[in-house]
Amino acid sequence: MSELHKKPASELAQMLRSGEVTSVQLTELFLDRAEKLNPLTNSFLRINRETAIEQAKHADELIAAGKAPSVLTGVPIAVKDNLTTTDAITTAGSKILENYLPQYDSTVVSKLRAAAMPILGKTNLDEFAMGSSTEFSAYGPSKNPWDLERIPGGSGGGSSSAVSGFLAPIAIGSDTGGSIRFPAAVTGSVGAKPTYGAVSRYGLIALASSLDQVGPVTNDVLDAALLQDVIAGHDPMDSTSLVDSLGQMADFASKTDVKGLRVGVIKQLASDGFHPGIKARFDESIQLLVDAGAEIVEVDCPSFEYAVSAYYLILPAEASSNLARFDAVRFGQRVLPEGNPTIERVMAATREAGFGPEVKRRIILGTYALSSGYYDAYYGSAQKVRTLIQQDFEKAFAAADVLISPTAPTTAFKFGEKLDDPLAMYLNDVATIPANLAGIPGISVPNGLAENDLPSGLQILAAAKNDGVMYSAAAGIEKLHNDKWGKRMIDFAPELEVN
Amino acid sequence: MSEITPETVRHLASLARILVTDEEVEKLAKELDVIVESVATVKGAVSADTPATSHPIPMSNVYREDVVKPSLSQQEALSNAPDQADGKFKVNAILDEE
C-alpha cells in the first residue's frame, strides 16, 4: 500500500468518508510536508497553517454529521497565487502586489470553501502568469521535484511542483497558453484546461481575458475530473461564463475503454521541433492506442503554423490593457519619485519598480500591436488567424473524437537555459497554444520518461464543451500506460529529502 | 531594417506609463525587434475577407438583472489604497504646476 501522501484525492476522499482518516490529520500531514519541503521546491509563496486547520475541522464536522457538500470535502488543496483569497495575500507572483489582501474571494476559491476543502496555501507562478518556467516570479523560481536543477514548467510551476512532490494532493492552476498543461508534462503530473467559460474567471487576476481558463492540477485523470466538477459551473459574476452544464466529468473519467475511439494525430504537431525522446514516447502511445482498438486518423491543421505568432500578439495586447489597472491609485505598490511628481510620473515610477522584465516586455509589445497604424496589420491579422485555427479544429473534430500531440517539445530544461531568449521560451507552448486560441479543452497526461530520464506529456484535445470526451480518452490512455508500467509514472519520481 | 528602434520603445513605454532606463531601451529594442519580426508572419497568413475572432465561444448581450446587491463598504474599498483622505483615494497632482 502506498504511503498516505501519495494517494490520489479520490482515495483520500473515500478514507475520509469511511472514517479511516480525518481532514485535520490529512491537512496536517500535507502542511508538515509543505513546511519541510518548500525550502527545496519553493512551490508555495504562502502556507496557511491556521486557516487550513480551521477549514479541516469544519470539514470533519460536516463529514461526521453526514452533510459533506462534495465528494472532495476534507481533501486539502493548493491554489495558484493569481486567484484572490480574502484570508491570504495574493501577489500573482509580482512585486507590485506584494501586500495585496483582496476584498473578495475568487469564485473558484468560494467553490472550494463551499465544498469544505482546506486551502493549504498559495502557489508560485511567473509574474502575472507570463512565462513557462517560474523564473519570472518576483519571489524566485520553483524547482522540479524530479531534478531540482530544472524548471517545473510555467507559469503554474508552483502548483505542478507541489502536486508532483506530494506537498499537496491536488491544486488549482490557470492556463492561458499552456500554463497548466506544460507544467504537468514536465513534472509527470496531470493538468487540464477546461473549455473556455466552463470555470469562472471572477477573481482570477487577468492576463489575457479571451484566453485565460482555470483548471485542475493533479496526479491522475480521475482527480482532475473530480476537481473540475467542484470548480465548474455558471457564474453570473463572469459574463463569459458558459450557461450550459457540461455534465459530471468524474462519470466520464470512469469510462476507460478506447475501443472504437477516433484519435486524430495533428500532422503539424507530430514531426519537426520535438526532441527524439518525446517523439519516440509519442509514437509508442499511438501504437498502444492502436493495440487497444482505437482508430488513428491523421488530421491536417495548416494554420497552426501561425498559432504562436497570433498568440504573442493577442496575449500581449490583452495583457497590456488588463495590466493598466496597476496604476498606484486603488491598490498595489506606489513609488514616489523625488520632488513633487504628477500622478503620471508616480504611475511610471511604480510600474518601473513593480513589474519584472517579462511583464514589461509583453506590455510594450502589446502596446505596439494595438497602436494606431499597426493595429490592423498585427492585432487584426492575429484575430483572423484565430478564426483559421478554429476552422482547422472544426474540420479535425469532424474526423476524430479527440486529437493528440506531445504536450511540449522537450522535457524540463535547466534554469537559465532560455531566460535570455524570449522567443525560444515562447516556442515551448507551440502545442498548447492552439487550444486557448480556439477555447477548446485540453489535458496533459504522463507519457513516459524521455530525455535525461525526465517526464514527457501527452496532450489530448476535444471539441469545445466536450470536456467529458476528453476525460474519457485521457482516463483510457492513462489506464493503458499504468498497466504497461505497473504503476503511475509519478511513482517513478525520486523522493524529496531535506539534508 | 529594424522595425523597432530605441525611439519606438521610448514612445511605447511612455504610452504604457513605464519608466525605462537607456540600458533597458537598448535591450528591449533588440528583443522586441526579433519578436515582432517573428510574429509578423500572421500578416501573410490571412486575407482581407477572413473574419476576425475576438472571443473563442460566441456570446452576445450578457446582461444581469438590474437589482441592488450588497457591495463593498467604503472602508473595504479603501483597504488596499496606497494613500487615502476623507474616505477617498488620494493621489498626486494630475497637472504640472508650470
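# Exercises on a predicted two-chain model

**Exercise 1. Compare the end-to-end span of helix α16 of chain A with the span expected at 1.5 Å a residue, and then describe which of its residues are buried and what follows the helix.**

Solution. Helix α16 of chain A covers residues 467-485, and at 1.5 Å a residue its 19 residues should span 27 Å; the end C-alpha atoms lie 26 Å apart, which agrees. This structure is a predicted model, and the values here are computed from its atoms. The next step is to look at burial, and the buried residues of α16(A) include A:D467, A:G468, A:M470 and A:Y471 near the beginning of the list, together with the run from A:S472 to A:E478, and A:H481. Just after α16(A), the residue A:G486 adopts a positive phi of about 80°.

**Exercise 2. Carry out the corresponding analysis for helix α3 of chain A, and state which elements cover its buried residues.**

Solution. Helix α3 of chain A, residues 49-64, has 16 residues, and the distance from its first C-alpha to its last is 22 Å, close to the 22 Å expected at 1.5 Å a residue. Its buried residues are A:A52, A:I53, A:Q55, A:A56, A:A59, A:D60, A:L62 and A:I63. The cover over these buried residues includes the helices α1 (9-18), α2 (23-41) and α4 (107-114) of chain A, and also the strand β3 (119-123) of that chain. Just after α3(A), A:G66 takes a positive phi of about 70°.

**Exercise 3. Determine which residues A:L288 contacts once its neighbours within four places in sequence are left aside.**

Solution. Begin by placing the residue: A:L288 belongs to helix α9 of chain A, which runs over residues 276-291. Then compare separation along the chain with separation in space, for which A:I477 serves as a partner: the two residues are 189 residues apart along the chain, and their C-alpha atoms are separated by 8.4 Å. A:I477 is one of the buried residues of α16(A). With the neighbours within four places set aside, A:L288 is in contact with A:L480, A:H481 and A:K484, and of these A:H481 is listed among the buried residues of α16(A).

**Exercise 4. Characterise chain A as a whole, asking how its radius of gyration relates to the value from the globule rule.**

Solution. Chain A contains 16 helices and 11 strands. Its radius of gyration is 21 Å, close to the 23 Å that the globule rule gives for 499 residues, so chain A is as compact as a globular protein of that length. Along the principal axes, the C-alpha trace of chain A spans about 70 × 55 × 50 Å. Of its 499 residues, 67% count as buried, and among contacts between residues at least 6 apart in sequence, 76% join residues at least 24 apart. The mean positions of the 43 positive and 59 negative charges of chain A are 2 Å apart.

**Exercise 5. Repeat the whole-chain description for chain B, and decide whether its radius of gyration indicates a compact or a spread-out chain.**

Solution. Chain B has four helices and two strands, which follow the pattern α-α-α-α-β-β along the sequence. The radius of gyration of chain B is 23 Å, well over the 13 Å that the globule rule gives for 98 residues, so chain B is more spread out than a compact globule. Its C-alpha atoms fill a box of roughly 55 × 45 × 25 Å, taken along the principal axes. Buried residues make up 30% of the 98 residues in chain B, and the chain exposes about 7,100 Å², of which carbon and sulfur atoms supply 52%.

**Exercise 6. Examine the backbone of A:N42, B:R17 and the peptide bond between A:G154 and A:S155, and locate each.**

Solution. A:N42 has a positive phi of about 50° although it is not a glycine, and this residue sits in the loop between α2 and β1 (44-47) of chain A. Its relative accessible area is 19%, and because buried means under 20%, A:N42 counts as buried. B:R17 likewise is not a glycine and has a positive phi of about 55°; B:R17 lies in the loop between α1 and α2 (22-39) of chain B, and with a relative accessible area of 29% it is partly exposed. Finally, the peptide bond joining A:G154 and A:S155 is cis, with omega about 5°, and A:S155 falls in the loop between β3 and α5 (157-164) of chain A.

Technical notes. Residues are numbered from 1 along each chain as its sequence is written. Chains are lettered from A and ligands numbered from 1 in the order in which they are written. This is a predicted model: local features need pLDDT of at least 70, side-chain atom pairs count only at pLDDT 80 or more; totals for chains, interfaces and linings use all residues. Side-chain values use heavy atoms; hydrogens and water are left out. The radius of gyration is taken over C-alpha atoms; the globule rule is 2.2 Å times the number of residues to the power 0.38. Buried means under 20% relative accessible area, exposed over 50%, partly exposed in between (1.4 Å probe, protein chains only). Contact means heavy atoms within 4.5 Å. Lys and Arg count as positive and Asp and Glu as negative; His and the chain ends are not counted. The place of a charge is taken as NZ of Lys, CZ of Arg, CG of Asp or CD of Glu. The expected span of a helix is 1.5 Å times one less than its number of residues. Accessible areas come from the Shrake-Rupley method with a 1.4 Å probe; for residues, only the protein chains shown count as cover.
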